[in-house]
Amino acid sequence: MLRQTASTSSRALSSGLRAAVQRKIARPQLFAAPIAASRTVGLQQRARWYSDQPDASKPAEANGEGATKEDPVAALKKQLEEKDAEVRDWKDKYLRSVADFRNLQDRTQRDMKAARDFAIQKFAKDLVDSVDNFDRALTMVPEEKLNATEKTEHLKDLVNLYEGLKMTENILMQTLKNHGLERYDPHGEKFNPNEHEATFMTPMADKEDNTVFHTQQKGFKLNGRILRPAKVGVVKNQ
(Lines give C-alpha, C1' and ligand atoms only; values in the text may rest on other atoms or scores of the structure.)
Protein backbone atom coordinates (compact mmCIF):
# COMPACT_ATOMS: atom_id res chain seq x y z
CA MET A 1 0.00 0.00 0.00
CA LEU A 2 2.83 2.34 0.98
CA ARG A 3 4.83 1.31 -2.12
CA GLN A 4 1.90 2.09 -4.40
CA THR A 5 1.35 5.47 -2.80
CA ALA A 6 5.03 6.43 -3.19
CA SER A 7 5.14 5.39 -6.82
CA THR A 8 1.98 7.35 -7.53
CA SER A 9 3.40 10.52 -5.94
CA SER A 10 6.69 10.14 -7.79
CA ARG A 11 4.88 9.80 -11.10
CA ALA A 12 2.83 12.89 -10.38
CA LEU A 13 5.98 14.89 -9.49
CA SER A 14 7.85 13.80 -12.60
CA SER A 15 4.90 14.58 -14.82
CA GLY A 16 4.65 18.05 -13.23
CA LEU A 17 8.32 18.70 -13.85
CA ARG A 18 8.02 17.58 -17.46
CA ALA A 19 5.03 19.84 -17.97
CA ALA A 20 6.90 22.81 -16.47
CA VAL A 21 9.92 22.18 -18.68
CA GLN A 22 7.73 21.87 -21.75
CA ARG A 23 6.01 25.17 -20.91
CA LYS A 24 9.40 26.93 -20.58
CA ILE A 25 10.56 25.51 -23.88
CA ALA A 26 7.31 26.17 -25.72
CA ARG A 27 6.96 29.80 -24.45
CA PRO A 28 9.79 31.27 -26.54
CA GLN A 29 8.60 29.47 -29.64
CA LEU A 30 5.27 31.25 -29.36
CA PHE A 31 7.03 34.66 -29.72
CA ALA A 32 9.77 33.57 -32.11
CA ALA A 33 7.47 33.23 -35.04
CA PRO A 34 6.00 36.80 -34.87
CA ILE A 35 9.49 38.33 -34.37
CA ALA A 36 10.89 36.43 -37.34
CA ALA A 37 7.88 37.42 -39.39
CA SER A 38 8.23 41.09 -38.46
CA ARG A 39 11.93 41.02 -39.38
CA THR A 40 11.11 39.47 -42.73
CA VAL A 41 8.49 42.16 -43.40
CA GLY A 42 10.94 44.92 -42.37
CA LEU A 43 13.58 43.57 -44.68
CA GLN A 44 11.05 43.40 -47.50
CA GLN A 45 10.04 47.03 -46.82
CA ARG A 46 13.67 48.21 -46.76
CA ALA A 47 14.70 46.31 -49.89
CA ARG A 48 15.69 48.35 -52.94
CA TRP A 49 15.51 47.18 -56.50
CA TYR A 50 18.10 48.31 -59.06
CA SER A 51 17.81 48.21 -62.83
CA ASP A 52 20.60 46.87 -64.98
CA GLN A 53 19.65 49.30 -67.81
CA PRO A 54 21.50 52.66 -68.12
CA ASP A 55 19.69 55.84 -67.19
CA ALA A 56 18.53 57.58 -70.37
CA SER A 57 18.58 61.02 -68.71
CA LYS A 58 22.35 60.83 -68.17
CA PRO A 59 24.87 61.13 -70.99
CA ALA A 60 26.54 58.05 -72.28
CA GLU A 61 29.90 59.17 -70.86
CA ALA A 62 28.44 59.26 -67.32
CA ASN A 63 27.17 55.68 -67.62
CA GLY A 64 30.50 54.53 -68.95
CA GLU A 65 28.93 53.26 -72.12
CA GLY A 66 29.23 54.75 -75.58
CA ALA A 67 32.03 57.15 -74.48
CA THR A 68 34.13 58.12 -77.47
CA LYS A 69 37.83 58.83 -77.19
CA GLU A 70 39.19 62.25 -78.31
CA ASP A 71 40.63 62.27 -81.78
CA PRO A 72 44.46 62.35 -81.47
CA VAL A 73 44.78 64.36 -84.69
CA ALA A 74 42.44 67.04 -83.36
CA ALA A 75 44.34 67.11 -80.08
CA LEU A 76 47.64 67.59 -81.94
CA LYS A 77 46.13 70.37 -84.06
CA LYS A 78 44.90 72.12 -80.94
CA GLN A 79 48.32 71.86 -79.32
CA LEU A 80 49.95 73.14 -82.53
CA GLU A 81 47.62 76.15 -82.62
CA GLU A 82 48.41 76.93 -79.00
CA LYS A 83 52.15 76.71 -79.70
CA ASP A 84 51.79 78.90 -82.79
CA ALA A 85 49.95 81.53 -80.76
CA GLU A 86 52.66 81.37 -78.11
CA VAL A 87 55.40 81.72 -80.74
CA ARG A 88 53.65 84.74 -82.27
CA ASP A 89 53.33 86.32 -78.84
CA TRP A 90 57.03 85.83 -78.04
CA LYS A 91 58.04 87.05 -81.50
CA ASP A 92 55.99 90.20 -81.02
CA LYS A 93 57.60 90.79 -77.62
CA TYR A 94 61.05 90.22 -79.12
CA LEU A 95 60.49 92.67 -81.98
CA ARG A 96 59.15 95.29 -79.59
CA SER A 97 62.15 94.83 -77.31
CA VAL A 98 64.55 95.18 -80.26
CA ALA A 99 62.74 98.32 -81.46
CA ASP A 100 62.82 99.84 -77.98
CA PHE A 101 66.53 99.07 -77.65
CA ARG A 102 67.33 100.63 -81.03
CA ASN A 103 65.30 103.71 -80.16
CA LEU A 104 67.21 103.94 -76.91
CA GLN A 105 70.51 103.68 -78.79
CA ASP A 106 69.50 106.40 -81.26
CA ARG A 107 68.25 108.66 -78.48
CA THR A 108 71.44 108.12 -76.49
CA GLN A 109 73.59 108.93 -79.52
CA ARG A 110 71.59 112.11 -80.19
CA ASP A 111 71.90 113.17 -76.56
CA MET A 112 75.64 112.51 -76.57
CA LYS A 113 76.10 114.42 -79.82
CA ALA A 114 74.04 117.34 -78.49
CA ALA A 115 76.08 117.32 -75.29
CA ARG A 116 79.30 117.49 -77.31
CA ASP A 117 78.05 120.08 -79.79
CA PHE A 118 76.53 122.44 -77.27
CA ALA A 119 78.87 121.94 -74.33
CA ILE A 120 80.46 125.35 -75.07
CA GLN A 121 77.13 127.13 -75.55
CA LYS A 122 77.44 129.23 -72.39
CA PHE A 123 81.05 130.05 -73.17
CA ALA A 124 80.14 130.98 -76.76
CA LYS A 125 77.40 133.35 -75.61
CA ASP A 126 79.90 135.19 -73.46
CA LEU A 127 82.46 135.23 -76.28
CA VAL A 128 80.30 136.76 -79.02
CA ASP A 129 80.35 140.16 -77.30
CA SER A 130 84.12 140.27 -77.64
CA VAL A 131 83.83 139.34 -81.31
CA ASP A 132 81.35 142.19 -81.77
CA ASN A 133 83.90 144.61 -80.36
CA PHE A 134 86.38 143.55 -83.06
CA ASP A 135 83.75 144.21 -85.70
CA ARG A 136 82.86 147.61 -84.23
CA ALA A 137 86.52 148.66 -84.09
CA LEU A 138 87.03 147.73 -87.73
CA THR A 139 83.91 149.54 -88.92
CA MET A 140 85.00 152.75 -87.20
CA VAL A 141 87.88 153.23 -89.67
CA PRO A 142 86.66 155.21 -92.70
CA GLU A 143 87.20 153.54 -96.05
CA GLU A 144 88.51 156.75 -97.68
CA LYS A 145 91.43 156.78 -95.27
CA LEU A 146 92.20 153.19 -96.02
CA ASN A 147 92.02 153.80 -99.78
CA ALA A 148 93.86 157.14 -99.79
CA THR A 149 96.54 157.43 -102.51
CA GLU A 150 98.84 159.60 -100.43
CA LYS A 151 99.22 158.28 -96.94
CA THR A 152 100.89 160.19 -94.21
CA GLU A 153 102.73 158.55 -91.38
CA HIS A 154 99.60 158.63 -89.21
CA LEU A 155 97.52 157.06 -91.96
CA LYS A 156 100.10 154.31 -92.42
CA ASP A 157 99.95 153.58 -88.70
CA LEU A 158 96.15 153.51 -88.90
CA VAL A 159 96.19 151.17 -91.87
CA ASN A 160 98.67 148.87 -90.13
CA LEU A 161 96.51 148.81 -87.01
CA TYR A 162 93.44 148.06 -89.10
CA GLU A 163 95.15 145.23 -90.94
CA GLY A 164 96.42 143.78 -87.64
CA LEU A 165 92.90 143.83 -86.13
CA LYS A 166 91.49 142.34 -89.31
CA MET A 167 93.98 139.46 -89.27
CA THR A 168 93.28 138.85 -85.56
CA GLU A 169 89.56 138.79 -86.25
CA ASN A 170 89.98 136.36 -89.15
CA ILE A 171 92.07 133.98 -87.03
CA LEU A 172 89.57 134.20 -84.17
CA MET A 173 86.60 133.55 -86.46
CA GLN A 174 88.37 130.57 -88.05
CA THR A 175 89.08 129.12 -84.62
CA LEU A 176 85.47 129.60 -83.54
CA LYS A 177 84.28 128.01 -86.79
CA ASN A 178 86.38 124.93 -86.07
CA HIS A 179 84.36 124.55 -82.86
CA GLY A 180 80.99 125.07 -84.55
CA LEU A 181 80.49 128.80 -83.85
CA GLU A 182 79.78 130.86 -86.99
CA ARG A 183 78.77 134.46 -87.58
CA TYR A 184 76.25 135.39 -90.28
CA ASP A 185 75.11 138.65 -91.86
CA PRO A 186 71.58 138.50 -93.37
CA HIS A 187 71.87 141.75 -95.32
CA GLY A 188 69.82 141.52 -98.54
CA GLU A 189 68.07 138.29 -97.53
CA LYS A 190 64.39 137.65 -96.89
CA PHE A 191 63.34 138.23 -93.33
CA ASN A 192 63.25 134.96 -91.35
CA PRO A 193 61.72 135.24 -87.88
CA ASN A 194 63.56 132.08 -86.79
CA GLU A 195 66.97 133.69 -87.47
CA HIS A 196 66.35 137.43 -87.49
CA GLU A 197 65.08 139.95 -84.97
CA ALA A 198 63.44 142.96 -86.59
CA THR A 199 64.28 146.10 -84.61
CA PHE A 200 62.51 148.47 -87.01
CA MET A 201 60.59 148.53 -90.32
CA THR A 202 60.41 151.17 -92.98
CA PRO A 203 58.96 151.47 -96.49
CA MET A 204 61.45 151.58 -99.36
CA ALA A 205 60.17 151.83 -102.93
CA ASP A 206 63.32 150.52 -104.57
CA LYS A 207 63.46 147.35 -102.44
CA GLU A 208 61.26 144.29 -102.24
CA ASP A 209 58.88 143.98 -99.36
CA ASN A 210 60.02 141.95 -96.30
CA THR A 211 63.70 142.25 -97.21
CA VAL A 212 66.54 142.90 -94.76
CA PHE A 213 68.19 146.18 -95.83
CA HIS A 214 70.21 146.94 -92.68
CA THR A 215 72.13 144.78 -90.19
CA GLN A 216 72.31 146.39 -86.81
CA GLN A 217 74.00 143.42 -85.13
CA LYS A 218 75.25 140.24 -86.75
CA GLY A 219 73.96 136.87 -85.62
CA PHE A 220 75.71 133.69 -84.47
CA LYS A 221 75.01 129.99 -84.93
CA LEU A 222 76.40 127.13 -82.87
CA ASN A 223 76.45 123.88 -84.87
CA GLY A 224 73.48 125.02 -86.94
CA ARG A 225 71.44 126.18 -83.94
CA ILE A 226 70.72 129.87 -83.49
CA LEU A 227 72.85 131.13 -80.63
CA ARG A 228 71.92 134.77 -81.12
CA PRO A 229 69.54 136.13 -83.79
CA ALA A 230 70.71 138.98 -85.99
CA LYS A 231 69.14 142.38 -85.29
CA VAL A 232 68.01 143.86 -88.59
CA GLY A 233 65.93 146.52 -90.27
CA VAL A 234 63.20 145.21 -92.61
CA VAL A 235 61.47 146.77 -95.62
CA LYS A 236 57.72 147.15 -95.10
CA ASN A 237 55.95 148.68 -98.11
CA GLN A 238 52.42 147.48 -97.31
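This is a short working chat about the sheets, a helix pair and a salt bridge in a predicted model.

User: Start with the sheet that holds β1. What's the strand order?
Analyst: The order is β1-β4-β5. It is an open sheet of 3 strands, and the pairing is antiparallel.

User: Which strands sit at the edges?
Analyst: β1 (181-184) and β5 (225-228). Each of them pairs on one side only.

User: How much twist from one strand to the next?
Analyst: The twist averages 35°.

User: How many bridges join β1 to β4?
Analyst: There are 4 bridges. β4 covers residues 219-222 and runs antiparallel to β1. Take Leu181 as an example: its bridge partner in β4 is Leu222.

User: And how many between β4 and β5?
Analyst: 3 bridges, again with the strands running antiparallel. Lys221 stands opposite Ile226 in β5.

User: What's in the connection between β4 and β5?
Analyst: The two strands form a hairpin, with 2 residues between them. Asn223 lies in the turn and has a positive phi of about 55°.

User: What holds strands together in a sheet, generally?
Analyst: Strands pair through backbone hydrogen bonds, in a parallel or an antiparallel sense.

User: Back to this model. Which helix packs on the β1-β4-β5 sheet?
Analyst: Helix α4, residues 121-139. It touches β1, β4 and β5. The direction of α4 makes about 60° with that of β5.

User: Now α4 and α6. How do their axes cross?
Analyst: They come within 10 Å and cross at roughly 150°. Helix α6 spans residues 153-178.

User: Parallel or antiparallel, then?
Analyst: Angles over 145 degrees count as roughly antiparallel. α4 and α6 are therefore roughly antiparallel to each other.

User: Left-handed or right-handed crossing?
Analyst: α4 passes α6 in a left-handed crossing.

User: Which residues meet there?
Analyst: From α4, the residues are Leu127, Val131, Phe134, Asp135, Ala137 and Leu138. From α6, they are Tyr162, Leu165, Lys166, Thr168, Glu169, Leu172, Met173 and Leu176.

User: What's the split by residue type between α4 and α6?
Analyst: The contact has 10 nonpolar residues, 1 polar and 3 charged.

User: Other sheet. What's the order around β6?
Analyst: It runs β2-β6-β3. This is another open sheet of 3 strands, but here the pairing is mixed. The edge strands are β2 (196-202) and β3 (212-217), each pairing on one side only.

User: What's the average turn between neighbouring strands there?
Analyst: 30°, with direction ignored.

User: In which sense do β2 and β6 pair?
Analyst: Parallel, over 6 bridges. β6 is residues 230-235. Thr202 has Val235 as its bridge partner in β6.

User: Switching to charges. How many salt bridges does the structure hold?
Analyst: It holds 10. Between the side chains of Arg96 and Asp92, for instance, there is a salt bridge at 2.9 Å, N to O.

User: Where do Arg96 and Asp92 lie?
Analyst: Both are in helix α3, residues 72-117. They are 4 residues apart, about one turn of the helix.

Conventions: Residues numbered from 1 in each chain as written. Predicted model: local features only at pLDDT ≥ 70, side-chain atom pairs only at ≥ 80, totals over all residues. Heavy atoms only, no water. Pairing = 2+ DSSP bridges. Axes fitted to C-alpha atoms, helices over the stretch in contact; angles between N-to-C directions. Contact = heavy atoms within 4.5 Å. Parallel < 35°, antiparallel > 145°, perpendicular 65-115°, else oblique. Left-handed = near helix turned anticlockwise from the far one by under 90°. Nonpolar A, V, L, I, M, F, W, Y, C, P; charged D, E, K, R; others polar. Salt bridge = Lys/Arg side-chain N within 4 Å of Asp/Glu carboxyl O.
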